[in-house]
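Let's take a walk through this structure together, from a single side-chain pairing out to the chain as a whole. Have the model open and ready to turn as you read.

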Amino acid sequence: MLREVVSPKGNRMTFTYRRDGSPIIISDVITDLWIYDPSGSQSIFPPQDPERGKSFIVQHPVYPEKIPADEGLEITFSVTMI
C-alpha cells in the first residue's frame, strides 16, 4: 500500500489505512461431469454429495482512512456499508 508521497520540493503526503470487518464469502458451486458410454449407459462423477462444491473465503479488507498533507490540509475517508 502507498504510505507516503514526497514532491520534488519536499512537500509530504502520508497515507493511513484501517481494517474494518472480516466478511466471509460462501460460494456454493456444483460441477457435474456426466460420462456417456457408447452402450447407452451413463454415470455421473463425482457422486452426488451435499457437502461438495462449497468454498469459504475470509477477507480482511483495508480502507483508506486519511491523507494529511503539509500546510494543514487533510483528506478523511468514511466507509458506508449498504
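A good place to begin is with the charged side chains: a search of the whole structure turns up one salt bridge. Keep in mind as you look that this is a predicted model. The partners are Arg 12 and Glu 4, whose closest N and O atoms lie 3.1 Å apart.

Is this pair buried, or does it see some solvent? Arg 12 has a relative accessibility of 42%, so it counts as partly exposed. Glu 4, with a relative accessible area of 39%, is partly exposed as well.

Now step back to the backbone. The chain contains nine strands and zero helices, so read from the N terminus its elements simply run β-β-β-β-β-β-β-β-β.

Three of these strands come together in an open sheet, in the order 3-8-9 and with antiparallel pairing. Strand 3 and strand 9 stand at the edges with a single partner strand each, so one side of each has no neighbour in the sheet. Direction ignored, neighbouring strands of this sheet are turned against each other by 25 degrees on average.

Let's follow the pairings across the sheet. Strand 3 covers residues 16–19 and strand 8 covers residues 62–68; the two run antiparallel and are joined by four bridges. To find your way between them, start at Arg 18, whose bridge partner in strand 8 is Tyr 63.

On the other pairing of the sheet, three bridges connect strand 8 with strand 9, residues 74–76, again in antiparallel fashion. Here you can trace Ile 67 to its bridge partner Ile 75 in strand 9, and Lys 66 to its bridge partner Thr 76, also in strand 9. As you compare such positions, it helps to remember that side chains in a regular strand alternate between the two faces of the sheet.

How do strand 8 and strand 9 connect? They form a hairpin with five residues between them. Within that turn, have a look at Glu 71, which has a positive phi of about 65 degrees.

Finally, consider the chain as a whole. Of its 82 residues, 5% are buried. About 7,000 Å² of the chain is exposed, and carbon and sulfur atoms supply 58% of that area. As for how the sequence folds back on itself, take the contacts between residues at least 6 apart in sequence: 53% of them join residues at least 24 apart.

Notes:
Residues are numbered from 1 along each chain as its sequence is written. This is a predicted model: local features need pLDDT of at least 70, side-chain atom pairs count only at pLDDT 80 or more; totals for chains, interfaces and linings use all residues. Side-chain values use heavy atoms; hydrogens and water are left out. A salt bridge is a side-chain nitrogen of Lys or Arg within 4 Å of a carboxyl oxygen of Asp or Glu. Buried means under 20% relative accessible area, exposed over 50%, partly exposed in between (1.4 Å probe, protein chains only). Two strands pair if DSSP finds at least two bridges between them. Contact means heavy atoms within 4.5 Å. Accessible areas come from the Shrake-Rupley method with a 1.4 Å probe; for residues, only the protein chains shown count as cover. Axes are lines fitted to C-alpha atoms, for helices over the stretch in contact, and angles run from 0 to 180 degrees between N-to-C directions.
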